[in-house]
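Reader: Hi! I'm in my first year and still learning how to read these models. Could you take a close look at one pocket with me and tell me what lines it?

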Amino acid sequence: MVRFLRVVRPRLSLVAVLALLVAVPAAAWIAAGWAEAGARHALAERALGQMALYRANLTAGLQRHNAVPLVLAGDPAVRAVLEARRDPAAVEQLNRRLESISDGAGALAVYVLDRSGTTVAASNWEQETSFLGQNFAYRPYFREAIRGGVGHHFALGTTSGVPGYYIAFPVRDGEAARGAVVIKIGLEAVERAWAPGGGGTQADRAIVTDRHGIVFITSTPDWRFRSLALLSPDQRAMVEASQQYAGVVIRPLPITGGGVAAGELALGAPPVHYLVRSLPLPGTDWTLHVLSPLAPVYRQMLEVALSAALAAALLVLAGVFLVHRRRTLTRRREELEARVAERTAELSAAQGELIQAAKMAALGQMAAGVAHEVNNPLAAIRSYADNAVVLLERGKADSVRANLSEIAGLTERLARITRQLKVFSRKSSNALEPVNVATAVDHALALVEARRLGDGVELVWRHPAEPVWVRGEDVRLQQVLVNLFRNALDALRGAPEKRLEVRLESGGLTVRDTGAGIAPKHLGDLFEPFFTTKPAGEGLGLGLSISARIVQEFGGTLSAANHRQGGAVFTLTLNPAEPR
C-alpha cells in the first residue's frame, strides 16, 4: 500500500488515507448489521420449524397412554376393590392385572387411589418402592381427578425418586368420584428423540418448563430441575408443598445475560449465547423453549464484515488509482461498458429462453393430463372431414353442412381446452380483484378432468346462472381449487362409491368426496405445514397449508370437516366483490 501511494500525488495520498479511515469501518459496520439481521431471521425460522417437530413428538408421547386409565376407570374389578378393598384375593388379582397392563404399556406404574388419596392397588405391589398404602392426596393430579376432571402432572416420585408424567381419570359413582386410576409414564424416549443423534439438531437445545420456570424435560441432562430465574419465596413454598420435585434443590441456570422474555440469553462461563423461541403448550401450564446457538450468526457477521472491509479498501484504492490514470481508464471503461452491454444482452436472451423453457415444461405436464381429450376431438374432426368429402361428391349439401357444424363445435372444444391451459400457466399478478368463482371452478375441474374420468369418479356440479364475484386472484384461486379437487380424488381411491360434489352457495364453496373421511385426531393439524396422512413419497404435507395461506391473503377462510353422510368436506369462504 505504501509503495502504491508513493506513485500518486501527495494530495491524493491524503485523500486515500482519509477515505480508508472512513469507508472501511462504515462498510464493515453496515455489512455486519445486514448479515446479522439475515442470519438471525434464518435461525429463527429454522428454530420455529424445529419447535413444531419437538411439540409433535412431545404431544404424541403424552397422549399415547391416555386410554389406559380411562378404560380402567370403568372396569368392574377396580370398582369392586374401591368398594371392598379389604378382600385380599380381589386386591391381589387386581395388582397382578395392573402389573401386566403396566408392562405391556411400557409405563412406570399403574395404580388405583381411593377417595382419600390412598393407594389400594398398584402394578409395583411386589417392589420395595411399592405405592400400596401410600397417600397421594397432595398431588395436583389426584385433586383434579377427585373433582371429576382429568388430572395431568409431572413430578419427581416421592416413593421411587423417579421423575414421570402422571395421568389420572376419576372412577365415578354417579356425579361423585369414588377414587382415581393413575398411570405414570417416563419421558426418557421424548428426551432421547430431542437429543443430538435422536432427532434434534446437533446445536439446538430443547427444554420444557413448568409455570414456575423450572426445567423438567430437556435434551441437556445437566439442565434438568434447574430454573430460568431465581425462585421467589412464594414459588419455592408452592413447589415444596406439592412435593413436585421432592428432595431436589432447585438452582437457577447460570444465565449471565439476557433472558427468555428478551428472546436471547447467555449461559455459562465463558458464556454461550442462544436465540430463544418459546411456545406455550395448550391444555397445560408448560412452555416449550428452543435455544439455538448464536455462534453461527456471529461467525457470519465477522466473515461478511471482513469481506466488506476488504472490498471497501479495494474500492478506495481502486478509486485513487482510477483518478491517477483517468485518461487510460476512460478508454478501458468504454471498452468494458461495450463488453458489459454485450454480455447483458446475451444474458437477457438466455434468461428469456430459460423462462420460455420453464413455461413449456409446465405446459407439457398439464397437456399430458388432457391429451386424450384432445385426441378424441381430433379423431372426430378427421372422420367428419372425410365424410364431408364423400358427401360433397354425392351432392348431399345438407349432410356436408351438418358435418361442418360438428367440426366447428369440436374445434371450439379444442380451443376451450387450450385456453384453460394458457390461463393456468399464466404467472400470477398477486393483485386482488373481482373473480368469478364459478368460472374458476370450471377451469380447475377441466385441469383434473382427465384424472377424474380415468378414476371413474362421478362429478356433481351445478354451474350458477349468474356470476358469483369474490375478491381474490384468478390463478391462485384456481391453484387452491385444483389442490382441493386432487385431494378429493386421492381420498376416493378404493372407495366403493366415487363421487365428487362441488356446491356454490351463499355460505361459500364446498368440496365433498365420498371417501373414508378425516380421522378426528387429524382435523386440528390438517392445515399445519408438513402434516400429511398420505404414504411416504406421495406428498410433503404442504398443499393444504399453502392453500389456507392463499385464502387467508384473500381475506377468507378454508376449513375441513367430516360430512354427516360420510366423506370429507372442505368449505371455502371469500369476501364478495362488485362485478368488474
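Author: Sure, let's start with the word itself. A pocket here is an open set of grid points, where a 1.4 Å probe fits, with protein on both sides within 12 Å along at least five of seven lines, and a residue counts as lining if it has an atom within 4 Å of a point. Keep in mind that this is a predicted model.

Now for the second largest pocket, which has a volume of about 1100 Å³. Its lining is made up of 28 residues. If you want to find the middle, look for Ala-52, Arg-55, Ala-56, Thr-59 and Asp-525, the lining residues that lie nearest the centre of the pocket. So much for the centre; what about the rest of the wall? Helix H2, which runs over residues 10-63, gives the largest share of the lining, with 12 residues. Sorted by class, the lining of this pocket holds 16 nonpolar, 8 polar and 4 charged residues.

While you have the model open, here's a stop at two helices. Helix H4 (residues 76-83) and helix H5 (residues 88-105) have axes that come within 10 Å and cross at roughly 140°. That angle makes H4 oblique to H5, because only angles over 145 degrees count as roughly antiparallel. The crossing of the two is left-handed. On the H4 side, Ala-77, Val-78 and Val-81 make the contact, and they meet Ala-90, Val-91, Leu-94 and Arg-97 of H5. By class, that contact of H4 with H5 has 6 nonpolar residues, 1 charged residue and no polar ones.

Terms used: Residues are numbered from 1 along each chain as its sequence is written. This is a predicted model: local features need pLDDT of at least 70, side-chain atom pairs count only at pLDDT 80 or more; totals for chains, interfaces and linings use all residues. Side-chain values use heavy atoms; hydrogens and water are left out. Axes are lines fitted to C-alpha atoms, for helices over the stretch in contact, and angles run from 0 to 180 degrees between N-to-C directions. Helices (H or I, at least four residues) and strands (E, at least two) are DSSP runs, numbered from the N terminus. Angles under 35 degrees count as roughly parallel, over 145 as roughly antiparallel, 65 to 115 as roughly perpendicular and the rest as oblique. A crossing is left-handed if the near helix is turned anticlockwise from the far one by less than a right angle, and right-handed if clockwise. Contact means heavy atoms within 4.5 Å. Ala, Val, Leu, Ile, Met, Phe, Trp, Tyr, Cys and Pro count as nonpolar, Asp, Glu, Lys and Arg as charged, and the others, Gly among them, as polar. On a 1 Å grid over the protein atoms alone, a cavity is a set of points where a 1.4 Å probe fits but cannot get out, and a pocket is an open set with protein on both sides within 12 Å along at least five of seven lines; lining residues have an atom within 4 Å of a point. Grid points are joined across faces, edges and corners, and a volume is the space filled by probe spheres set on the points.
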